[in-house]
Protein chains: 2
Amino acid sequence: MITIESLKNAIRTVPDFPQPGIQFKDLTTMLKQPDLLKYVVSTTARYYQQKGITKIVGIESRGFIIGGALAAELEAGFVPVRKPNRLPAEVYRKSYALEYGENTIEIHRDALNPDDVVLLHDDLLATGGTALAAIDLIRQFHVREIHINFIVELDWLKGRDKLTPSYDIYTLVHF
Amino acid sequence: MITIESLKNAIRTVPDFPQPGIQFKDLTTMLKQPDLLKYVVSTTARYYQQKGITKIVGIESRGFIIGGALAAELEAGFVPVRKPNRLPAEVYRKSYALEYGENTIEIHRDALNPDDVVLLHDDLLATGGTALAAIDLIRQFHVREIHINFIVELDWLKGRDKLTPSYDIYTLVHF
């Protein structure tokens with residue numbers, strides 16, 4: 001039987017990636033296993049089944065994988081949040097601070113509308129900077145509701161504190 | 001009723017992106033529509049249902065969206081092919097020529113095994129350079145079969161000629 005513990009055991013920790021001192025959580029070792037990928041998608045979809053989600057917003061790149069699967073499973077549309085200059089039409093843009101330097105993300109201006117109930121999805125919640133910037137982008141559309149979902153959350157980085165109490169967050173695996 | 005023509009009409013053409021003279025096919029206007037996304041996933045999955053696919057290999061970034069959905073739908077694993085230095089463990093690497101300069105893609109060395117029946121997926125087939133490089137990466141694992149799938153194919157660029165007759169290609173929408 002597959003459990004949350006099976007997922008946890010299938011995730012590989014890579015020391016010092018992408019830089020010294022970081023213990024990188026590598027989900028590829030989990031996603032390549034058909035039964036574990038299916039469990040992630042169906043368990044997450046079950047949680048959101050009754051919430052009337054109309055759009056999954058997935059964060060480039062790793063948030064596209066299970067984000068796309070959730071869109072199909074929940075019969076929602078899929079909207080990408082991307083790195084700069086990759087979306088071809090008019091965008092909203094948001095820059096945010098990193099430990100060193102800054103990042104920018106974009107969303108198409110015709111991606112969402114006020115009737116949408118949005119599920120923001122990324123593979124992993126660390127400090128929460130990217131998720132918060134993505135929420136800022138989504139808020140520009142005055143959508144009805146924003147829900148937030150991750151596969152993995154690194155509890156000790158307290159990214160959740162940046163996002164609650166305004167938003168409900170559902171995460172499958174906690175480290 | 002949704003047809004291939006509905007998909008075609010929902011795809012936006014953006015002139016001169018990412019550079020002058022390119023007529024960019026923007027699939028975001030299709031993927032944001034729940035019924036069209038569902039049609040893409042279920043029609044493609046139906047085509048591969050009896051082929052015993054064990055792994056979907058998706059090409060970063062846009063090949064992750066429907067690639068992830070196909071993995072869940074076909075109960076296969078998902079394996080990413082990524083741009084350089086983004087995969088944290090040991091990789092195989094392949095460089096290939098572009099019109100100007102070159103590109104490099106990578107796959108984890110533990111991503112596939114000889115028992116796998118692989119479905120390589122990307123959103124769009126243009127000249128076929130990236131798909132051919134991805135096939136070279138997959139061939140290193142000596143997998144049982146390689147199938148290839150795109151949502152959109154730009155027929156006049158003849159990318160298909162680079163990939164056949166060795167491989168069967170299934171594309172939903174032709175321009």
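Author: Let's start with the word helix: helices (H or I, at least four residues) and strands (E, at least two) are DSSP runs, numbered from the N terminus. Here, B:Thr28 lies in helix α2 of chain B, residues 28–31. This is a predicted model, where local features need pLDDT of at least 70, side-chain atom pairs count only at pLDDT 80 or more, and totals for chains, interfaces and linings use all residues. Residues are numbered from 1 along each chain as its sequence is written, chains are lettered from A in the order in which they are written, and side-chain values use heavy atoms, with hydrogens and water left out.

Reader: Okay, is B:Thr28 buried or exposed?

Author: Buried means under 20% relative accessible area, exposed over 50%, and partly exposed in between (1.4 Å probe, protein chains only). B:Thr28 has 14%, so it counts as buried.

Reader: Which side chains does the side chain of B:Thr28 make a polar contact with?

Author: A polar contact is a pair of N or O atoms within 3.5 Å; within protein, one must be able to donate a hydrogen and the other to accept it, and residues adjacent in sequence count only if both atoms are side-chain atoms. The side chain of B:Thr28 pairs with that of A:His108 at 3.1 Å, and with that of B:Asp26 at 2.9 Å.

Reader: And how many residues of chain A are in contact with chain B?

Author: Contact means heavy atoms within 4.5 Å. By that rule, 40 residues of chain A are in contact with 40 residues of chain B. As for class, Ala, Val, Leu, Ile, Met, Phe, Trp, Tyr, Cys and Pro count as nonpolar, Asp, Glu, Lys and Arg as charged, and the others, Gly among them, as polar. There are 15 residue pairs in polar contact across the interface of chain A and chain B (both at pLDDT 80 or more). On the side of chain A that touches chain B, α4(A) gives the largest share, six residues. That side has 20 nonpolar, nine polar and eleven charged residues.

Reader: What turn lays chain A on chain B?

Author: Copies are superposed by least squares on the C-alpha atoms of residues with pLDDT of at least 70 in both. A turn of 180 degrees and a shift of 0.0 Å along the axis lays chain A on chain B with an RMSD of 0.0 Å. That is the relation of a two-fold axis. Of the residues of chain A, A:Ala69 comes closest to the rotation axis, its C-alpha at 1.8 Å. Also, 100% of the interface residues of chain A are interface residues in chain B too, so the copies meet through the same surface.

Reader: How many salt bridges are there over all chains?

Author: Side chains of opposite charge can pair when their charged atoms come close. A salt bridge is a side-chain nitrogen of Lys or Arg within 4 Å of a carboxyl oxygen of Asp or Glu. The count is 20 over all chains, and four between chain A and chain B. Look at A:Lys55 and A:Asp116, whose closest N and O atoms are 2.8 Å apart. A:Lys55 is in strand β3 and A:Asp116 in the loop between β6 and β7 of chain A, so the pair ties together parts that are 61 residues apart in sequence. A:Lys55 is buried at 7%, and A:Asp116 is buried at 5%.
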